[in-house]
There are 2 protein chains.
Amino acid sequence: MASKTAGGQLEDRWRDILSAHARTMCEIDRALHPHGLGASDFEVLDMLATAAPEEGRQCRVQNLVGRVHLSQSALSRLIARLEKDGLVTRSVCAEDRRGVWVSLTSRGRDLHAEVLPLQRAALSRTLGGEPPRPGSGRSPR
Amino acid sequence: MASKTAGGQLEDRWRDILSAHARTMCEIDRALHPHGLGASDFEVLDMLATAAPEEGRQCRVQNLVGRVHLSQSALSRLIARLEKDGLVTRSVCAEDRRGVWVSLTSRGRDLHAEVLPLQRAALSRTLGGEPPRPGSGRSPR
DNA sequence: CCGTACTGCATGCACGGTCATTGAACCCTG
DNA sequence: CAGGGTTCAATGACCGTGCATGCAGTACGG
């Protein structure tokens with residue numbers, strides 16, 4: 001009955017992704033929540049921290065939308081929250097005044113540096129033990 | 001320094017999971033939404049359809065909680081929605097009157113059969129091309 | 001120069017999710 | 001059998017997200 005597995009393999013793969021995603025997401029959230037951040041917040045902070053360090057870590061919102069897994073509206077609100085918490089600043093782009101530059105504050109940079117190892121640790125906790133070979137993945141513990 | 005890549009590989013893997021999850025989830029939602037279902041709804045419907053066909057496809061809520069990637073409260077509301085739509089029925093468990101049996105109605109079974117191929121199609125659209133070997137996987141398009 | 005189409009971000013709204021709490025039923029021990 | 005501790009499901013309060021829309025700014029065509 002090898003023919004029947006065609007759809008089943010995809011199902012299995014999807015289940016693996018689903019569970020890995022859920023566990024990791026949850027773990028990151030737990031690790032970062034004490035610092036007032038969620039997984040999405042960190043994702044944006046991380047992009048800002050790693051992008052264009054020579055330009056003052058600035059990034060247009062429009063540039064971020066394509067990179068994070070959020071809708072444009074969600075990103076807008078998220079950035080608003082980060083700004084309210086003093087982690088980023090928004091400033092109008094001079095060349096195209098529709099655009100908005102987002103840049104890390106020093107507090108944002110500090111916080112990112114502070115939680116980066118926590119995120120890494122969460123990742124290795126949930127993904128570290130799993131080999132890239134997903135065949136009927138066994139979860140330890 | 002091979003040690004530096006240790007964190008980076010996990011990061012990549014996490015990014016892959018994130019994007020596969022987002023794309024697939026979105027695709028499933030799009031495929032199922034015309035039928036009044038979301039991805040989570042289907043997940044529960046599917047569990048009920050495949051579980052214990054001899055017992056009338058019944059399943060305790062408590063049994064489902066561990067299998068789906070939802071909190072207990074979310075599952076409770078989800079089941080309430082499905083019941084309101086006439087896809088499942090809830091009935092108290094006689095042995096343990098705290099428990100609740102959930103079972104598919106015939107309409108629920110029909111709908112599941114109807115959308116199952118759509119979900120499979122969505123899966124193969126977003127996961128089909130990708131090999132199980134994620135080593136610096138290149139995604140077409 | 002003005003109007004129209006278009007782009008980039010913000011906002012109103014509805015929905016679905018989690019967390020914390022509640023309430024009923026069960027269990028166990030004195 | 002009364003009482004405290006535990007488990008199962010439902011509910012309330014709150015939050016984040018997506019979709020559709022609004023509004024300012026830009027580009028283009030007459």
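Lay chain B on chain A and the fit has an RMSD of 0.1 Å, after a turn of 180 degrees and a shift of 0.1 Å along the axis. The two copies are thus related as by a two-fold rotation axis. Keep in mind as you look around that this is a predicted model.

## Where the two chains meet

How many residues of chain B are in contact with chain A? There are 21 of them, and they touch 19 residues of chain A. Two helices of chain B, α1 (5–32) and α5 (106–126), each supply at least two residues of the side that touches chain A. Of the elements on that side, α1(B) gives the most, with 11 residues. Sort the residues of this side of chain B by class and you get 10 nonpolar, 8 polar and 3 charged. The same surface serves both copies, too: 90% of the contact residues of chain B recur in chain A.

## The sheet

Now zoom in on chain A. It has an open sheet of 3 strands in the order β1-β3-β2, with antiparallel pairing. Here's a bit of background: strands of a sheet pair through backbone hydrogen bonds, either parallel or antiparallel.

Which strands stand at the edges? In chain A they are β1 (58–60) and β2 (88–92); each has a single partner strand, so one side of each is left without a neighbour in the sheet. Neighbouring strands of this sheet are turned by 30 degrees against each other on average, if you ignore direction.

You can follow the pairing residue by residue. β1(A) pairs with β3 (residues 100–104) of chain A over 3 bridges. Along β1(A) and β3(A), Cys59(A) has Val102(A) as its bridge partner, and Arg60(A) stands opposite Trp101(A). β2(A) pairs with β3(A) over 5 bridges, and Arg90(A) stands opposite Val102(A) in β3(A). So Val102(A) turns up again here, after being named as the bridge partner of Cys59(A).

Chain B has its own set of pairings. In chain B, 3 bridges join β1 (residues 58–60) to β3 (residues 100–104), and these strands run antiparallel. Cys59(B) finds its bridge partner in Val102(B). Then 5 bridges join β2 (residues 88–92) of chain B to β3(B), again antiparallel. Val92(B) has Val100(B) as its bridge partner in β3(B).

## Helices around the sheet

Back in chain A, α2(A) lies across β1, β2 and β3, running at about 90 degrees to β3(A). Helix α4 (residues 72–84) of chain A lies across β2 and β3, running at about 115 degrees to β2(A).

α2(A) has a helix partner as well. The axes of α2 (residues 39–50) and α5 (residues 106–128) of chain A come within 10 Å and cross at roughly 115 degrees. The crossing of α2(A) past α5(A) is left-handed. Which residues meet there? From α2(A) come Phe42(A), Leu45(A), Asp46(A) and Ala49(A), and from α5(A) come Gly108(A), Arg109(A), His112(A), Val115(A) and Gln119(A). By class, this contact of α2(A) with α5(A) has 4 nonpolar, 3 polar and 2 charged residues.

## The DNA

Two DNA strands, C and D, have protein residues around them. For strand C, the closest residues are Gln62(A), Ser73(A), Ser76(A), Ser73(B) and Ala74(B). The elements giving two or more residues to the surface near strand C are α3 (61–65) and α4 of chain A, along with α4 of chain B.

For strand D, Ser71(A), Ser73(A), Ala74(A), Gln62(B) and Ser73(B) come nearest. Here α4 of chain A, together with α3 (61–65) and α4 (72–84) of chain B, each supply at least two residues of the nearby surface. Both chains, then, have residues among the nearest to strand D, and both are also named among the closest to strand C.

Here are the two surfaces side by side:

| DNA strand | Residues around the strand | Element giving the most | Residue classes |
|---|---|---|---|
| C | 23 residues | α4(A), 5 residues | 6 nonpolar, 9 polar, 8 charged residues |
| D | 24 residues | α4(B), 6 residues | 8 nonpolar, 8 polar, 8 charged residues |

Key. Residues are numbered from 1 along each chain as its sequence is written. Chains are lettered from A and ligands numbered from 1 in the order in which they are written. This is a predicted model: local features need pLDDT of at least 70, side-chain atom pairs count only at pLDDT 80 or more; totals for chains, interfaces and linings use all residues. Two residues are in contact if their C-beta atoms, placed from the backbone, lie within 7 Å. Helices (H or I, at least four residues) and strands (E, at least two) are DSSP runs, numbered from the N terminus. Ala, Val, Leu, Ile, Met, Phe, Trp, Tyr, Cys and Pro count as nonpolar, Asp, Glu, Lys and Arg as charged, and the others, Gly among them, as polar. Axes are lines fitted to C-alpha atoms, for helices over the stretch in contact, and angles run from 0 to 180 degrees between N-to-C directions. A crossing is left-handed if the near helix is turned anticlockwise from the far one by less than a right angle, and right-handed if clockwise. Copies are superposed by least squares on the C-alpha atoms of residues with pLDDT of at least 70 in both. Two strands pair if DSSP finds at least two bridges between them. A residue is near a molecule or strand if its C-beta atom, placed from the backbone, lies within 6 Å of it.
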